[in-house]
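Open the model in your viewer and switch to a cartoon view. We will go from stop to stop, selecting a few residues each time.

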Amino acid sequence: MKVFRITGTFQMGRKRHQRFVKEVAAEDEARAREVLLSDLGSKHGTLRRRIAIKTVEEVPADKVESSVARAKAGILS
């Protein structure tokens, strides 16, 4: 499994846009986007159309910062 770092913004309320950077473990880029949309939608109650993804980049195993993504991807230490 690969780890992707996704950056972007999502709308909180009527005017406020919150930036985010999230690392997600997934098989490919399309699945990583889907996991992110699902996660932000459930945690913050925001609709998918209010989430703007700016970049999706694959992260090398030695540069992964998120312990959750590291565990899901099966990366040791």
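Begin with a pair of residues. Select Gly8, then Ile53: in strand S3 (51-59), Ile53 is the bridge partner of Gly8. Keep in mind that this is a predicted model.

Now show the whole of S1 and S3. The two strands run antiparallel, and eight bridges join them.

Next, add strand S2 (16-26). S1 and S2 also pair in the antiparallel sense, over 11 bridges. Pick out two of the partners. Ile6 has Lys22 as its bridge partner in S2. Thr7 has Val21. What holds such strands together? Strands of a sheet pair through backbone hydrogen bonds, either parallel or antiparallel.

Follow the chain from S1 to S2. The two strands form a hairpin, with three residues between them. Select Gly13 in the turn: its phi is positive, about 80°.

Step back to see the sheet. It is open, has three strands and follows the order S2-S1-S3. Which strands stand at the edges? They are S2 and S3; each has a single partner strand, so one side of each is left without a neighbour in the sheet. On average, neighbouring strands of this sheet are turned by 15° against each other, direction ignored.

Now select residues 29-44, helix H1. The helix lies across S1, S2 and S3, and runs at about 130° to S2. Try a length check on H1. At 1.5 Å a residue, its 16 residues should span 22 Å, and the end C-alpha atoms are indeed 22 Å apart. Just after H1 comes Gly45, with a positive phi near 65°.

Show the side chains of H1. Which of its residues are buried? They are Ala32, Leu36, Leu37, Asp39 and Leu40. These buried residues pack against S1, S2 and S3. Look at their spacing with one rule in mind. An α-helix has 3.6 residues a turn, so residues three or four places apart point the same way.

Colour the largest nonpolar core, which has 12 residues, including Phe4, Phe10, Phe20, Leu36 and Ile51. S1, S2, H1 and S3 each supply at least two residues of this core. H1 gives the most, with four.

Zoom in on Val56, another member of this core. Beyond its neighbours within four places in sequence, Val56 is in contact with Phe4, Arg5, Ile6, Glu29 and Arg33.

For the last stop, select Val3, Ala69, Ala73 and Ile75. They are among the seven residues of another core, which lies apart from the largest one.

Definitions and conventions
Residues are numbered from 1 along each chain as its sequence is written. This is a predicted model: local features need pLDDT of at least 70, side-chain atom pairs count only at pLDDT 80 or more; totals for chains, interfaces and linings use all residues. Side-chain values use heavy atoms; hydrogens and water are left out. The expected span of a helix is 1.5 Å times one less than its number of residues. Buried means under 20% relative accessible area, exposed over 50%, partly exposed in between (1.4 Å probe, protein chains only). Contact means heavy atoms within 4.5 Å. Two strands pair if DSSP finds at least two bridges between them. A nonpolar core is a set of buried Ala, Val, Leu, Ile, Met, Phe, Trp, Tyr and Cys residues joined through side-chain atoms within 4.5 Å. Axes are lines fitted to C-alpha atoms, for helices over the stretch in contact, and angles run from 0 to 180 degrees between N-to-C directions.
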